[in-house]
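Work through the exercises below with the sequence and the model open. Each task is followed by its solution.

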Amino acid sequence: MKISLQWLNKYVDLSDVPAEKIADALPMIGLEVEEISSAGLVPLEHVVVGRILEFVPHANSDHLSVCRVDVGDGTIRQIVCGAKNFKAGDVVPVALPGAVLPGGFAISETTMRGEVSQGMMCSGRELGLNDDHGGLLIMTAREAEPKLGTPINDCFPPADTVFDISITANRGDCLSHVGVARDLAAFFDKPLKNPVADAPRVAPNGNAKNEFLSVSVETPDCALYNAWTIRGVKIAPSPEWMQRDLLAVGLRPINNVVDVTNWVMFELGSPLHAFDAATIGGNAIRVRRAAEGEKIRLLDGKECALSADMCVVADAEKPMVVAGVMGGENSGVTDATRDVVLEAAWFDPGSVRKTSRALAVSTDSSTRFTRDVDPTLVAVAGARAARLIRELAGGEIAGETLSVGAFPRADRTIEISGDFVRARCGYDVADAAILDVFRRLGFTVSENGAGAWSVLVPAFRPDVDRPIDLVEEFVRIYGTDTIPSAAIDAPTTSDADAPTVRFSRKAADMLAGKGFAECFHYTLRDSAELKKCFGEKTTAALALANPLTSEQSHIRPSLLPGLLDALRLNLAAHNEPRRFFEIGHVFRPDRTGAIREILSVAFVALAEPTTRSWKTREKLDEFFAKKLCLEIAAAAGIAEQRLLFAATDAAQTPIWQAGHAATASDRARALTVELGLIDAKLALSWDVPQTVVAGEVLFLQDAFKTAPKRARFKAFSTFPPVSRDLALVVDASVPAGEIADRLKATANKAVAKQFAVEKVSCFDVYQGKELPEGKKSLAFEIVFRSETKTLTDAEVNKVFEKIMLDVERAAKCTVRR
C-alpha cells in the first residue's frame, strides 16, 4: 500500500522528522517499506508561468500552432505547440531553454518545420504533476492567478514522499493513512489528529426506510449497512488537493463523488460505494445471497456468473454490487448523475475473501474487507464522505440516514501486569514507560493496584487479544534498539552433529555424485494433485483448516509430486538435468489417524535419455530404483537384509504403475521404502511422456534415535570361493528376492559354520515352455568360501545336497533338474 507523507501530516505532524528517519522507523514498528518514491512537482529550474498572447496555425503543419508567449521578463517569445486545449489569454507553465524536465528531457531553442520555437509549454504529465497528457496545464482558472515569470515551483506544493508499505495480514488497521499515522504518532510520541464525523443511529431489526429509500439485510455476511441519499449533486472534477493525494497513492482521479469515496477509504481504511440513485430499481437496497448462476457485469467490464454462497448488494430487480469486491457496470456514478446513494458497510472477511478468489477479482476494497476493517469506523467513514460530497459536489442529504445491523465486534479488556511484561521482555523497564506506550497506541489503561492493569483495546486492533500481544506492542513502540545488551548464556549443540543432518548430507552427496540435481519445493500442495496421486483418504487427512490459496490447501505426503514438477519444467525448457532428488519433511496419517512428520529422501529419473548419444545406454527400470533406495537406507545404517519387498497396491497409491512398484518397511528402524515406475497416465498429466523411475525412503523420528553400528574391518579371505548353481520352480507371483532370502537362510543353516555362504544371487528368470502354467524358474548362484582353507568339491557337494532338500521342503518349490 502506498502512503503519502503530505497526507500523513494531516493526522500527525511529522514536519520535523526527515523522510529517511520515517523510513527507518516503519520497519521497526512492523510496517516493511518496499520502496520510497516521489510524487508531485520536483524542483525545476527555468520553468515559469507564462501567458499565451495570441497564436496562428503553423504554415507547414495541420496540427501545430505558432504562439506568442509572455513570461514577464519583457521579451515576447515564439513557441510552437501541438496542444489544442488552450485559447488566447490562458496562463500556462513554460519551460525555457536550459530547463530539464522529469525524465531528463532537456529544453533548447529549436526550429520546428521552419518556425523557431523558444521553449515549450507543458502539460501536467510533462511536469510530473499528474498523468494528464491531453493538453496544456491551464492555470488561468486557479483561485489566485500567478504572476507572469513566477517559478512554477512557487505555484504548487513541494514534491511528496510516498512510502510503498507491505502490510501483514493481521494489520488491516494500517491499510489507511490514519492507521499508519496512529503507529507513527505512538513511535515518535506525537499527538494524533483523528478526523471526526457523527455516526448515524442503528436500526437493529434488519430493515430501515425513509421517504427516498428502503434497506434490508438478508444475510449474515453483512453485519452492518449504512446508506445516505444525497440529492442534487453536480458531477465535476475533484479539487487539485484531492487529485494530488489520489495520484500519490496510485489512483486515477475520476470525478468529485467517486474520488471522495476513494479518498476516504485511503484515509480511514473503510471501503465505500456510491450508486447513481436513478439506477436503483424500486428505490430499494437488498443485501442478500446471489441466486445460483445469477450474472453481473462489473465496473471493469468483466461479466461474472455468481454462486449461491456469494453476497451481493441488489435493488428490487437485480444485483448491483458484488459485496465488498466491485460494483456493477450500470450502478456507478456518471456525468449524468444527479442523485447519489452512498453505501458504507461491513462485510464478513471470509465471505469477501472466498468471493474475490472465486471471481479472480482483487480490488482495494476486497483487500481491506478481507483484512477485517474496523466496524466502528464504517459509519464514521460514510458520514465523512457524505459531508465531503456536499462540499465538493453540492446537493443535500435527503431524508434520514439509514443504518441496519450491529457491530460484529467491540473493544476488549486484557488483564496484564508490569511484572508480566518485564518477565517476557527479559530486561527491566519502569511501569510508567509501559503504561505510556499503551496510551500512545490508543489503548485505555485502568490500574487495579499492585502493578496489575486492565487494558481496553479498541476494536480497530482485532490482532491484540492476549497479554503476550500487549508485550509485543510494547516492544514494537518502545523500540528494540532500547533493549540493553547482555551476554546470553545459551549453550547449544550444533545442528551439524545431529544424526538427521549428518544423514541428509551423506545422502545428498551420494545422489549428487550419481548425477542427480537437488531440488527444494514448497511443503503445501494442491488437493486435486493429492487425490490423483494418493487417493481420497490421504488427501482428506492432510487438508489445512484455513489455506491461504487453493493451490496450497494440503500439506504434502510425498516429495515425488514436486520432483515431477521439476522434471516437467526442465523438459519443457529443454534443459539438461533429467534426474532430480529432494530431502525434506512430509506428513502422513498413521493407523490411529494422527499425522506424523517424516524425513523423506526421494528421487525421479527418466528411464531413457532424451538426447542423442553415440552409445546406447541401458534403460533404467524399477531395479535401478531399488538399488538406489537400498544405498540410501545403507547410508542410515540399515542393512539390505532387513528389508523385505512386496508388490505395491497401486489402487491404494495411484502414483505407482501397477506391477512395477514395490514397498518395504523396517519397523525396528522406523523406515519405509517405496519405489518403482510412476504411473504412465499420471506422468502424462504432468506433461512427461517418458517412463519415469522413482523412489522414496521415509524415516520416522525414531529412525535416528539409535546410532548405527560402527563398521569394523574384517580381513579378506585369501582362499578361493566355490560356487554352485541352483534352479528352482516357484509360483509366478512369488518375488525372486523372497526366494533368495529363504535360500540364503537355508544355506547358512546347512553349512553349520563349517565355512561361509558369501553370496546368493539370482541370475536368471524363465517362464514358458516346459514349465506348468503360473510357474517360473529362478536360477541362483550360491558362493561358498572358507577363511582357513581351500574347500573341496566333496565338502561343498555334501552341503549343497542338503540345501536342495531343505529348500524344497521349506520354500514350497521344486528343484529344476
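**Exercise 1.** State the volume of the largest pocket and find which residues are closest to its centre.

*Solution.* Step 1: the volume of the largest pocket is about 1,600 Å³. Step 2: 37 residues line the largest pocket, and Lys626, Phe645, Ala736, Gly737 and Glu738 are the closest to its centre. A pocket is an open set of points on a 1 Å grid over the protein atoms alone where a 1.4 Å probe fits, with protein on both sides within 12 Å along at least five of seven lines; a lining residue has an atom within 4 Å of a point. The volume is the space filled by probe spheres set on the points.

The model is predicted; local features need pLDDT of at least 70, side-chain atom pairs pLDDT 80 or more, while totals for chains, interfaces and linings use all residues. Residues are numbered from 1 along each chain, and side-chain values use heavy atoms, without hydrogens and water.

**Exercise 2.** Which residues of helix 10 are buried, and where do they lie around the axis?

*Solution.* Step 1: helix 10 (a DSSP run of H or I, at least four residues) spans residues 418-425, and Gly418, Val421, Arg422 and Cys425 are buried (under 20% relative accessible area, 1.4 Å probe, protein chains only). Step 2: these residues lie on the same side of helix 10 because they cover an arc of only 95° around the axis, taken from the directions from the axis to the C-beta atoms. Step 3: Asp419 and Ala423, on the other side of helix 10, are exposed, that is, over 50%.

Technical notes
Helix = DSSP H or I, 4+ residues; strand = E, 2+ residues; numbered from the N terminus.
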